[in-house]
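Me: I'm new to this one, so please start me off at a single spot in the chain and look at it closely. Then work outward from there, without rushing.

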Amino acid sequence: MFTPARTRGFLRATAAAAALSSVLLTAACGASDDGDRDAKATAAAPAGFPVTIDNCGEKTTYDKPPSRVVTIHQHPAELMLALGLKDRMVGTAFPDSAVLPSLKEDYEAIPELAEKEPSFERVLDAEPDLVYGGYGSAFAEKEGRSREAFADAGIDTYLNREYCGKRRVTMKDTYDEIRTIGTIFGVPDRADKLVADLEGRVGRAAAEVGAEPEVPVFVYDSGDKAAFTAGGKSLGTELIRLAGGKNVFADLDDVFGDVSWEQVVERRPEVIAIYDYAGAGSVEQKKRFLLSQSALADVPAIRNKRFVVLPLTATLVGIRSAYAVDDLARGLHPASFR
């Protein structure tokens, strides 16, 4: 196994050898061969390439679509599979929840490198030409997985746009993410078709509840001393709005944050959306905890036991968010779907 330093040294040595070979071949074959090689290279370039992508302020030029991709976190993997890019994937990591049934077989056919984020060395073992990260932690510098470290190893990186900076995330980000990945892999038509399908799902659900009054919703991610919830900059807030609800903590100026239980009581949510993901307790554990808190007894959602469950992956910039709008709408306004 190569260490990062040895890998970089190996790549530099390989590059130097390739450059020397090129010089020797040029001297031996002459200018006419140069023209032949240039013509062949031009002919071999796929349509639409090269293409330059600005991702979180880092510009990368792709001369051709990546062919060996490692995805870190589940939502990038599902997005690629939904675009029919299984044959480009050589590794996944860190599944958050059950995979969409339509993608399950393909997902399980791809090697899982780690239950959480894989080490830098483990990623290198898969010999990727691109690493696609879902959360910012995919490229954690303190874990040796910085984007710079991958660049030094000759590997391109792409980070889900949700983690490019602290700003409000919307469904447009989801559609833009899909189209950008479609551009990188040379399948823009597939991306447009997928976006149209997801837009249709959202539009149909929103139309069903458009005339209904907004339902106050509290998002419960986790926490006991305080409640960790979705703030106004989260995609979850927009999903709730599209589904005919209102996040009672939409004024929280962050993607996620802690609020007191007293605040939850004051805002009187009528429905609680529970985020479901591995490592944070089961949905049933979360429900039992909420129902057991005497301080919450008069909260309408607790009194009426009105819960909607969303996989965490459905609240992120990926293909699940459109499905989440429909699930939420049915939970908030069940009479509209009878």
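Reply: Let's start at Pro50, which sits in the loop between helix H2 (31-44) and strand E1 (51-55). Keep in mind that this is a predicted model. What is the peptide bond from Phe49 to Pro50 like, cis or trans? It's cis, with omega near 0 degrees. Most peptide bonds are trans, and most residues other than glycine have a negative phi. That gives you two things to look for as you follow the backbone along.

Carry on past E1 and you'll meet Cys56, in the loop between E1 and strand E2 (58-62). Here it's phi that catches the eye: the angle is near 55 degrees, positive although the residue isn't glycine. Cys56 is partly exposed, with a relative accessible area of 30%.

His73 also has a positive phi without being glycine, and its value is near 95 degrees. You'll find His73 in the loop between strand E3 (69-72) and helix H3. Is His73 buried or exposed? It's buried, with a relative accessibility of 0%.

Now step into H3 (74-82), because it leads to helix H8: the buried residues of H8 pack against H3, along with helix H7 (171-184), H9 and helix H13 (320-332). H8 itself covers residues 188-209, so that's 22 residues, and it reaches 32 Å from its first C-alpha to its last. That is close to the 32 Å expected at 1.5 Å a residue.

Which residues of H8 are buried? They are Ala191, Leu194, Val195, Leu198, Val202, Ala205 and Val209. An α-helix has 3.6 residues a turn, so residues three or four places apart point the same way. Looking down the axis of H8, you'd see its buried residues fall within an arc of 100 degrees, so they line one face of the helix. Turn to the other side of H8 and you get exposed residues: Asp189, Lys193, Arg204 and Ala207.

Two of the helices that H8 packs against are H7 and H9, and each has a glutamate to look at. Glu177 belongs to H7, while Glu238 is part of H9. Are these glutamates buried or exposed? Glu177 is buried, at a relative accessible area of 0%, and Glu238 counts as buried too, at 8%.

Their surroundings are worth a look. Setting aside neighbours within four places in sequence, Glu177 is in contact with Leu79, Tyr132, Tyr158, Asn160, Arg161 and Val317. Glu177 also lies 9.6 Å from Ile319, C-alpha to C-alpha, although 142 residues separate the two in sequence. With residues up to four places away left out, Glu238 touches Arg168, Val169, Thr170 and Met171.

H9 brings us to some empty space. Rolling a probe the size of a water molecule over the atoms shows where empty space is left. Over the whole structure, the search finds two cavities of 30 Å³ or more.

The second largest holds about 30 Å³. Its lining is made by Val219, Gly236, Leu239, Ile240, Ala273, Tyr275, Leu310 and Leu328. H9 (235-242) and strand E12 (271-276) each give at least two residues to that lining, and H9 has the largest share, with three. By type, seven of the lining residues are nonpolar, one is polar and none is charged.

The largest cavity has a volume of about 40 Å³. Around it are Glu162, Ser234, Leu235, Gly236, Val255, Phe256, Tyr275, Thr315 and Leu316. Did you spot Gly236 and Tyr275? They appear in both linings. The mix is five nonpolar residues, three polar and one charged.

Finally, zoom right out. The protein has 13 helices and 13 strands, and 46% of its 338 residues count as buried. Among contacts with a separation of 6 or more, 64% are between residues 24 or more positions apart. The pair of Glu177 and Ile319, 142 residues apart in sequence, is one place where you can look at parts of the chain that are far apart in sequence.

Technical notes. Residues numbered from 1 in each chain as written. Predicted model: local features only at pLDDT ≥ 70, side-chain atom pairs only at ≥ 80, totals over all residues. Heavy atoms only, no water. 1 Å grid on protein atoms, 1.4 Å probe; cavity = no way out; pocket = protein on both sides within 12 Å on 5 of 7 lines; lining within 4 Å. Points joined across faces, edges and corners; volume = space filled by probe spheres on them. Nonpolar A, V, L, I, M, F, W, Y, C, P; charged D, E, K, R; others polar. Helix = DSSP H or I, 4+ residues; strand = E, 2+ residues; numbered from the N terminus. Expected span 1.5 Å × (residues − 1). Buried < 20%, exposed > 50% of the residue type's maximum accessible area, 1.4 Å probe, protein only. Arc of directions from axis to C-beta. Contact = heavy atoms within 4.5 Å.
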